[in-house]
Amino acid sequence: MDPAVLIADLIADIRYHDHRYYVLADPELPDGDYDDLRHRLLELEEAHPDLVAADSPSRRIGAPPSDLFAPVTHRERMFSLDNAESPAEVAEWLARAERHLDRSAGSLVCELKIDGLAVSLTYEQGVLTRAATRGDGMTGEDITGNVRTIASVPLRLLGDPPAYMEVRGEVYLPLDEFDRLNARQAEAGDRLYANARNASAGSVRQKDPAVTASRNLAIWIYQVGYLEGGPALATHFETMEWLRGLGLRVHPGTENVTDVAAVTGYVERVRAERNDLPYQTDGVVIKVNGLAEQAELGSTARAPRWAIAYKFPAEERITRLLGIEINVGRTGAATPFAVLQPVFVGGANVERATLHNEDEVHRKDVRVGDQVVVRRAGDVIPEVVGPVPSRRTGEEKKWSMPSRCPFCEAPIVRPEGEKVARCTRGLACPSRLREWLFHFTARGGMDIEGMGYKTIDLLLSEGLITGPADIFFLQPDALLGFEGWGEISVNNLMKAIETARDRPIGRLLVSLGIRHVGGTVARILAREFGSLEALQDADEDTLAAIEGIGPVIAESVAGWFAEQDNRNLVRRLGEAKVRLSDPDWGQGPEKTLQGVRLVLTGGLESMNRNGARAAVEERGGKLVSSVSKKTTALVAGASPGSKLAKAESLGVRVIDEGTFLRLIEHGPSALDEASMLS
């Protein structure tokens with residue numbers, strides 16, 4: 001084919017995907033496939049230099065700025081980076097740099113390549129005056145109002161700041177916040193974000209800064225873009241330490257190394273640990289350390305010669321979508337999932353992947369038979385990112401939600417105004433019952449150790465239980481003799497069930513699975529009514545008048561207790577001697593945490609951050625944002641952040657979620673018990 005035609009086609013494809021990635025924050029092509037397009041274009045342009053257009057993507061850095069925000073011209077261009085995918089390519093890059101310098105490039109710096117949104121921050125006399133996106137490298141978008149809401153962006157620098165400074169950084173969404181954001185999106189029936197990078201871009205570019213503030217974004221600073229005044233600095237590593245001293249957030253994992261062998265060792269360490277990090281990273285950036293060498297090396301039309309990005313293998317692959325089936329959860333929500341031609345991605349063979357909800361299937365236009373992009377990172381549930389329309393044959397079939405539940409044959413109905421279709425049979429549906437029982441016995445509910453899916457499936461299949469209350473009527477002899485159930489395991493389960501009878505009624509309310517009733521709402525209701533008997537007789541108006549409840553939750557709670565089967569369940573739980581009232585109701589929680597200062601990092605299963613704060617503060621304690629020597633303990637949930645390392649360095653006690661819950665219930669004695677057990 002004519003090279004000019006090939007180049008034109010590649011340029012059109014790259015421009016299309018640049019627009020989706022940089023402007024819409026909604027890419028539809030895996031990073032590896034996008035990189036292939038750029039490599040093919042570069043190869044063709046190198047072979048045919050007379051065909052290189054001035055506006056070729058190879059001469060551009062990003063994409064034009066959106067028209068949603070005012071344009072900002074950067075004092076110095078914000079470049080993209082060239083990529084390497086092997087130690088040999090890093091060695092080639094370094095050899096080119098040294099040929100350009102005609103001497104050794106000196107030491108190198110390695111730092112994590114955070115997968116977020118590149119921004120510039122301008123400080124004048126130490127005060128933040130402007131924040132902007134990278135845009136096309138020369139012109140970005142003014143996002144100052146939104147960036148000011150990011151807690152890790154200092155509004156005023158410390159120490160002796162320069163007269164004028166522009167620094168570059170990567171705004172990102174911590175993975176636990178990403179999970180919570182998508183959970184809220186799903187609950188509201190809104191579109192889910194495909195990954196934390198897209199969520200970061202979408203969060204920064206909100207029209208309402210309050211929305212950005214609610215997303216709990218963070219930033220790592222990685223470079224000085226422009227500087228007037230300030231000390232004489234000789235190296236990039238020294239510059240990063242200086243920025244850290246000014247109060248800017250510089251990644252602690254940045255290392256000064258000597259050669260490519262040391263770079264390779266750094267890359268391998270990061271690759272091994274990347275899925276344990278609390279944020280998304282897709283590689284390592286390697287930079288020539290000396291600032292004089294950087295200035296001498298300069299840049300090409302699109303990238304600096306003194307830096308390169310070592311890209312990790314993509315955690316996305318393309319495979320065929322063989323079919324779409326549905327799961328039915330405890331609320332009856334019918335959720336589609338993809339049945340895939342097995343593909344190795346993210347370190348595992350994947351045959352199933354989430355499709356989130358019916359609207360997402362239609363929005364992405366995913367069809368049975370499509371070639372689809374599948375993403376898996378670490379232990380995150382694999383998901384279908386979207387189809388590859390260019391590979392369609394015309395035989396693909398559109399999918400629609402089945403009219404009947406595959407587990408019970410009841411109608412599946414999508415109520416007017418809602419975005420989730422639901423099975424209508426209630427707990428007579430075996431899938432709903434199974435999921436409800438798991439929710440009821442899980443850690444955030446009645447916390448019955450040993451009652452996982454395997455045990456629940458056994459009890460259901462043998463007819464030993466038909467609902468939650470039956471668990472408390474189980475007899476030891478009923479389980480003895482089944483595979484894996486000896487005297488010790490049966491006794492352990494019986495003890496766990498006995499302990500669960502005396503949980504606070506707030507925990508029982510959560511376990512009942514009433515829609516919109518999580519830990520915070522459950523504690524409000526428990527405080528207000530003191531018993532399930534009083535709560536079940538409250539009408540909607542009474543409930544809606546309670547601060548923190550409102551009409552939607554009131555309707556859900558009143559509607560749940562209006563069902564006779566649910567009232568019968570409460571009665572049966574009482575007969576099983578499950579606690580239905582709090583003995584100290586009306587007195588408010590004891591101030592058992594007076595003087596206790598806690599810091600939370602990572603996500604909790606039993607409550608959200610606001611719920612944790614309320615639980616601590618109503619007992620006289622404080623939940624603060626940063627670790628210091630005055631911190632009583634750091635609560636480390638799932639995917640803890642950098643606060644964990646700081647707590648360990650200061651010798652601050654670190655506790656898990658279980659100890660935190662005991663601390664809430666029993667006061668500081670729980671910390672002493674934890675020390676004796678450890």
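A residue counts as buried when its relative accessible area is under 20%, as exposed when that area is over 50%, and as partly exposed in between. The model discussed here is predicted. With a relative accessible area of 42%, Asp36 falls between the two limits, so Asp36 is partly exposed.

**Confidence**

The mean pLDDT of the protein is 86, and 92% of the residues reach a score of at least 70. Which elements have the lowest and the highest mean pLDDT? Helix 25, residues 669–677, has the lowest at 60, while strand 7, residues 164–172, has the highest at 95. Where pLDDT is low, the predicted coordinates should not be read in detail.

**A patch of negative charge**

Asp36 belongs to helix 2, which covers residues 31–47. On the surface, Asp36 gathers with Glu85, Glu89 and Glu92 in a patch of negative charge.

**Salt bridges**

Side chains of opposite charge can pair when their charged atoms come close. The count of salt bridges in this model comes to 33. The table lists some of them.

| Positive residue | Negative residue | N to O distance |
|---|---|---|
| Arg269 | Glu255 | 3.0 Å |
| Arg434 | Glu435 | 3.7 Å |
| Arg507 | Asp447 | 3.9 Å |

The salt bridge between Arg269 and Glu255 links distant parts of the chain, with the two residues 14 apart. Arg269 sits in helix 9 (residues 260–273), and Glu255 sits in strand 9 (residues 255–257). Are these two side chains buried or exposed, or in between? Arg269 has a relative accessibility of 40% and is partly exposed. Glu255, at 31%, is also partly exposed.

In the pair Arg434 and Glu435, Arg434 is partly exposed with a relative accessible area of 27%. Glu435 has a relative accessibility of 22% and counts as partly exposed.

The salt bridge between Arg507 and Asp447 ties together parts that are 60 residues apart in sequence, because Arg507 lies in helix 16 (residues 505–511) and Asp447 in the loop between helix 12 (430–441) and helix 13 (453–461). Arg507 has a relative accessibility of 13%; this value is under 20%, so Arg507 is buried. Its partner Asp447, with a relative accessible area of 28%, is partly exposed.

Salt bridges can also share partners: Asp365, Arg367, Asp370 and Arg392 are joined in this way into one network.

Technical notes. Residues are numbered from 1 along each chain as its sequence is written. This is a predicted model: local features need pLDDT of at least 70, side-chain atom pairs count only at pLDDT 80 or more; totals for chains, interfaces and linings use all residues. Side-chain values use heavy atoms; hydrogens and water are left out. Patches are made of residues with over 30% relative accessible area and no salt bridge: like charges are joined within 9 Å, nonpolar side chains (Val, Leu, Ile, Met, Phe, Trp, Tyr) within 5 Å. Accessible areas come from the Shrake-Rupley method with a 1.4 Å probe; for residues, only the protein chains shown count as cover. A salt bridge is a side-chain nitrogen of Lys or Arg within 4 Å of a carboxyl oxygen of Asp or Glu. Lys and Arg count as positive and Asp and Glu as negative; His and the chain ends are not counted. The place of a charge is taken as NZ of Lys, CZ of Arg, CG of Asp or CD of Glu. Helices (H or I, at least four residues) and strands (E, at least two) are DSSP runs, numbered from the N terminus. Buried means under 20% relative accessible area, exposed over 50%, partly exposed in between (1.4 Å probe, protein chains only). pLDDT is the predictor's confidence in each residue, from 0 to 100.
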